[in-house]
Every structure is written in structure tokens, then in C-alpha cells.
Amino acid sequence: MAPPPPPPPHLLPRSSSFTSSVITPASPHRGSHRPNTSVPNASTTTATAAQLSLLRAHVRAGRMRPAREVFDAMPDRGRSLVAWTTLMSGYATHGPASEALELLLCMLGLLVRPDAFVFSVALRACAAVGSLGLGRQLHGAVAKLGYVGADLFVANGLVTMYSSCQSLRCAEKVFGSITSPDLVSWTSMLSAYTENGCDAEALMLFMEMARDGIACDAFTLSVALRAASSLGHVGLGHQLHCCMIKMGLVGKEFLDNCLIGFYGRSGELQLMRNVFDEMNGKDLVSWNTIIQCYAENLCHEEASAHFRAMMFEFAECDEFTLGSILHVVTATGAFGHGMEIHGYLIRAGLDSDKHVMSALIDMYVNWATLHKRYRVFPLRMLKYYLTVQGKLDQFIVASSLKSCASGLDLVAGRMLHACILKSNMNPDSFVTSSLVDMYAKCGALEESNMLFSRTKNPGTAVWSAAISGNCLNGQYGRAVHLFRRMQSEHVQPNEFTYTAILTACMALGDTDSGMEIHSNSIRSGYGTNTSVLKSLITFYLRQGRYHQALKLCLALSNHDISWDTLVESFSQVDHHVGIVNLFHVIQRCGANLDYHTARLILSSCGKLGLLEEGLQAHAYMTKRGLASTACTNSYLIDMYSSCGSLRHAFDAFNYMPDKDASSWTSIVAANVENGCPETAIRLFSQMQKEKCRPTPEAFLSVLKACARTGLVNEAFRFFASMTEVYKIQPSEEHYSHMIEVLSRAGMFKEAEHFIDSVVPSESGASAWSLLCAAAKQNGNDKTVKLAGDRLARLPGGC
């Protein structure tokens, strides 16, 4: 099919309609062009051909200033359509793209008629500058000229332009109007979906390509990988990897780098490492990708190791590498290494990059937070940045304000605020929220609220900072009021908003509002957010809604939840059923516990008398090495004793390699509680023979055993050894057990004498009460009367 003829001048848009959509003023070079009503002749002179070759060479190398000089030096008739198109394409590719649009206006002013390729370049430039209005005008022009259906360059350019200008529906219409889309058309539409966050639609379109038998190239597969990564479709990513192997595309650095990023974002770190290790040639992008993925997955040691290996192999890095590794340094607290990196980036000339400097200041902010004597470092870094760059930057200002907030340096924060105002910088929501947060953390809540009230159309970050600041200063009611206002103004909360407002609900004890916020978080898509879930779990625990808290725990991954903290929270309110239910979840997750949590679980099994769960807990803790300490074994003995299984208690005791006093005490008490007082006395005597110092609790158990067996002499012998040999001061319970020994033996006179001569006055009331109760039970009225009289004489007696 023959291409359409060049457009007549009356079909071309007037220059004024294009100029209104271009921000950059007209090029100064344009004034030198004289009107030329004819297209330059193709048979140019040798000099003009040499200039055209030189122009192409400069454009291919991205040297746009020399290319423009060559173009301006060409004679008017030597500037063929090829020359115009070459320079425009260079500006569209290497920038500034607005110059390409200015060249199009020059062409129209000089009546040089653009062809379809020129329009495709102009559409690419519109996509780069985000000029939707000018792009629509170009669309109208090419539609009138019949280029949309006849030339795929133009149609694909329109898809890309609308996609870059966030007009996805228009891109879909253009794509749908293409009769026979080629691979570029399909890939452009795929990219349009992924760039606008419609990853599910991108994958559906990719599946349609596969069903239609359209062959993919490396770029198409990379776009599909990006969509699969965003949606967490690991299985589809594996299938795409297999396709690459079958198509022989494995080994291409571009695709391998995409695979590394996909596996890293999906948490498949071993597969990511395998792809990286199998690469024949690793470029800087490969190293940056794997370091960033390790950093994002909190594998800080691996990220640092790969950074060292990269520096050993390449001896250099770029701003992306430094940004990732500085975040790792900040997270691990390796500030000495961070200072070495600081020295490197100065030598490499990267100390003027705002992203690197922001990460560097953030590192020093965290250092200053941990070491107060270094709190001036971030502000010195800001001063240094100003001397190098000469102006404030939003990222740097936000990091510096964070430093003021962490150091509670209100004076420095106010000075920085004044600098922002003097520099006429239009602070974005990030800087404004940092200012609101800084004033609140420094205790200047009135200034924080005033700044918030003067902010026009505050975004989510500013609202969150205001709500959090009021919570931090104890103004929980105002925080709830702000959240209600935020809802009424239809501002979408984020995870920080929800965690802050839930803190306010906890402090106010407002269960209804907290449950309402829980429902709101689900509707807004934050119901599964880790930070929000943790705050909700804490909220429900504080409100006593343990089953709801336990249900939310199941939504968290093993990595995200602190099982020890949860078990401790249930323990504080003696919710033993909740602890046992938590243990079943812990079993399914295979989570690791500390010794304290293990003891709490064993204690709950014992108090509920759940022998089966206790056996499971014992096995689980043995597998994880938690049952090897004497303290844990003592809890095992207590648990089996409470469950009435003396055999298992003895097994736990006998398997102990080193038996300490707590272990002996537990087994003695277990025998007493399970009706074996004679065995308890024998074990206590054995404990003494083993040169193990008995505890006060062990003496309580052996005295109780003596009372149940009627061994009065043995009881007095043990009591005497406690006070005289082991120098243990008897407690009120020890005296009570001695009175019980004498009362059970019917020796009420001896009991009266023991109270008068041995029991201290502060324990007299409980001792006489116990004796009175024992005498009533035995029908000894005389002792009952005596005990009643003695009780009446005591202070506060009746």
C-alpha cells in the first residue's frame, strides 16, 4: 500500500494552537530561519551531505548541543526533511523534548511538510513533556491526514503519548482502532497498562497475545514480568522464565536484570541469586538490582557483601548503588562504614546528587538519634549541601527536619522553617508534614496545629502528621476530631493515619470508634497492612477482645508478628485459653519462641489441665532447644503436676542433666499435690544429700507433706534446719503449715505453745485463726474458746 501524500498546508494545525501547549518559549535559533516554501532538493552538495552525516553522528551519541550547531550551520535549502527529523528525534530521545516540539513549530512556520515519521517523533516528545493538550491536537491532525490507520509509527506513538499523559482510555481506543497491530503496538499497550497501575489488565492483554500466537520479544517479556511482580503472581513469573529459556533469551543482560528484580520483589531470594550467579556479564544495573532487592528484603549482610564484591570488581558505583547501601548502613547502624561511603561519594563527585545526599543525611539523623553528641552532624550536612548546590531541596529539607525532631531541637527546626520561607520554596506535602511533625515532637503543639490550619488542601501525609502529633502530646480527643474532619473532606487515610488514630482510641477506651476505624481500613484496602494489623491487635487486646485479636493474628505472616509479645499480652490478663490457642497457631507457622514465652505456654497448659496440649508443647520446645534449661524443665514438671501426670513429671525431672534447686522444689511439690507425700519427703532428703540448698518453697512443700503423713518430729526437724542451718526466715505460710502439722496430730496444746513462743506477733492473727478452724473441725471447744479470746485481744480484733 502506497504511503499517503504529504499533507496540504490548510490541513496542518496553526502554530498558535501548538504554542499554547508548550511550556518552553520559542527557540532563539528560530529567528534565523527565513520562510522557505519548498522542500529542499534531495541532491544536496557534498558539503551538505557531510553536514548531515555529522548531524546524525552527534544525535546518535546524544551530543545535542553540537548537533544543533551543525543543523544551524546548514544552508536553508540543505535542511532536508531528513535533517529536521534527525534533530527532532535526537531531542525526543536525549532531551530536552520541548525542543523537538519547537522544531515542529519551526517546520510548520517555514512550510516544511512533516510526514508520518515526523508526527511519530512529535508524539514521542509530547509523551516526554506530558503535554496532553498538544498531543490531542497532533492526534486530530494525523487523523485528518489518514495516518492513524495507515501508519503504525503514528498509531503506536499515540498509544505511548496517551499512556504517558495518564489518559489510558484514549490509549485503549487508539489501540483498538489499529487493524493489524504489530509487536510494538502490543508492547506499547502493555507498557501503558503497567505504567498506569493496571497490572491485571496488562497480564490479560499478554494472555491474549499468547492465545493469538503473537511472538514476544525481550521487552514484551520484561513488561509482563513487571506486571506479574506487582500482582505477586510468582507462578506466572516462573512460567515467563521458562519461556525465556525456550526462546533462547536467557543470557541477555536486560532480561536477566528484570528476572533478578522480579525474584527479589517476590521474596524468592535463592532464585534471584541463581540468576545473578549464572550471568556471564554483570553490568552496573545487575549489581544495583540485587543490592536493592536484598536491602528491601532486610537481608542487610547479603546487600553489604554484594556491595563489597561490586566495588572489588568494578571499583566504582553510581547514585542508585549509594542510595541502597546507605539505607542498609542506616538500618544496621554501621555508621563507620557509612562515613567511608561518604568519603567515596565526595571523591566520586556524587555529593551534589539530592537523592544520595538525602540518604546520607538520613543516616546521620539516625546516628544522631542514637548518639546525642553527634546531633549537629545532619545540620552541618545541610549547610555543606547548600554551599555545593546553592538552593534547598525538598528531600534534604525533610531529612534535616527529621533530625531536628529526633533531637528535640526546636530552635534549629524554627531556623530551618525560616530558611524555607525566605527561599520562597514551595514546600510539598512531604516537607509540610515534616514541619508539622517536628513542631509536635518538640512539644510545640500549638505551632504544629497552627501550621496545619494554614496549609491549603493538606494531603494524607499532612493530616497523618497532625493526628499523630496530637496523639504524641496527649490530645487524643483532638486527634479523633481531626480524623473525622479528614473523612468529611474525603482525604484518603494511609497506614500511618490508621496507626495514629487507633492509638487515640486505645487511650480513650473508645471501642466503638476503634471498630469503626477497623471497618474503614478494610474498605480502603489497608485491612491487611502489617502496621495496621499490629495496631488493631494491640487495640483489641487492650479492650479485652481477645478472640478478635487472635483472629487478626492469623492474617499476619510469621515474619511480621511478634508471637512473644502476643503471648505476653494474653498472660497479663490471665487469658490462658487464648495462650493455648495462640500456641496452636504458632505450631502451624513453625515460629520461634524465647524461653519466657515457652514457660508461659507451659504454665497455661498446666492451669487448664490440658495434658495433650502440654505434651505437644513439650515436644515443640524440645525440637527448638527450649527444653534444655533447668528453669524450663521446672515449668515442665509443674505443668505435668497440674495435669495430674506424675509419671511425665518424673520423666522430665530424670532427663535433666543438671538438677538445680528449682527443679528439686518442683518435683517435691508435684508429689505433694498428687497425693504422694512420702515420696516428697524422701526426695527432699535426697535433695539435701545432693548438697542442693533447699528453697523456701521446698520447705513449704515438705512441711505440707509432713502434715498429711502425721510426721510431727520430722516436721520440727525440717523447720529447725530451715532457720538454723539454711538461715531462711520463715514466712506466714511456714508457720501455718507447722500449726497444721500439730493440729492434724491432735496436739492442740503444743500448737498453742508454738504460737505463743515461735510465731511473731504480726503473724499471730492468721495463726490463731487457723488453730481455731482446726479445733472446730476436731470438736475441741476449749481450744476454740481460747483461740477466740486471743484473737479478740489482738489489735483490730473483735
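Helices are runs assigned by DSSP, at least four residues long, and are numbered from the N terminus. The exercises below use a predicted model.

**Exercise 1. Locate leucine 298 and state what sets its backbone apart.**

Solution. Begin with the position: leucine 298 is found in the loop between helix 17 and helix 18, the latter covering residues 300–314. Next, consider the backbone angle. Most residues other than glycine have a negative phi. Leucine 298 is not a glycine, yet its phi is positive, at about 60 degrees.

**Exercise 2. Identify the residues joined by a cis peptide bond and place the proline in the chain.**

Solution. Most peptide bonds are trans. The bond that joins glycine 95 and proline 96 is cis, with an omega of about -5 degrees. As to location, proline 96 belongs to the loop between helix 4 and helix 5 (97–109).

**Exercise 3. Determine how helix 2 and helix 4 are oriented to each other, and describe their contact.**

Solution. Two packed helices are described by the angle between their axes and the distance between the axes. For helix 2 (residues 46–60) and helix 4 (residues 81–94), the angle is about 10 degrees and the axes are 9 Å apart. Angles under 35 degrees count as roughly parallel. Helix 2 and helix 4 are therefore roughly parallel to each other. Helix 2 makes the contact through Leu52, Leu55, Arg56, Val59 and Arg60, and helix 4 through Val82, Ala83, Thr86, Leu87, Gly90 and His94. By class, the residues of this contact are 6 nonpolar, 3 polar and 2 charged.

**Exercise 4. Describe the largest pocket: its volume, its lining and its main contributor.**

Solution. The space in the largest pocket amounts to about 940 Å³. Its lining consists of 33 residues, and those nearest the centre are Ala398, Lys402, Phe430, Ser434 and Phe496. Several helices give two or more residues to this lining, including helix 17 (284–296), helix 25 (429–441) and helix 29 (495–508). Helix 23 provides the largest share, 7 residues. Sorted by class, the lining has 12 nonpolar, 14 polar and 7 charged residues.

**Exercise 5. List the PPR repeats in the record and characterise residues 182–216 and 459–493.**

Solution. The unreviewed UniProt entry lists "repeat: PPR" at residues 80–114, 182–216, 459–493 and 660–694. Residues 182–216 are 74% helix and 0% strand, with end C-alpha atoms 11 Å apart. Residues 459–493 are 74% helix and 0% strand, with end C-alpha atoms 9 Å apart.

How values were computed:
Residues numbered from 1 in each chain as written. Predicted model: local features only at pLDDT ≥ 70, side-chain atom pairs only at ≥ 80, totals over all residues. Heavy atoms only, no water. UniProt positions renumbered as here; feature names shortened; annotations may be inferred. Axes fitted to C-alpha atoms, helices over the stretch in contact; angles between N-to-C directions. Parallel < 35°, antiparallel > 145°, perpendicular 65-115°, else oblique. Contact = heavy atoms within 4.5 Å. Nonpolar A, V, L, I, M, F, W, Y, C, P; charged D, E, K, R; others polar. 1 Å grid on protein atoms, 1.4 Å probe; cavity = no way out; pocket = protein on both sides within 12 Å on 5 of 7 lines; lining within 4 Å. Points joined across faces, edges and corners; volume = space filled by probe spheres on them.
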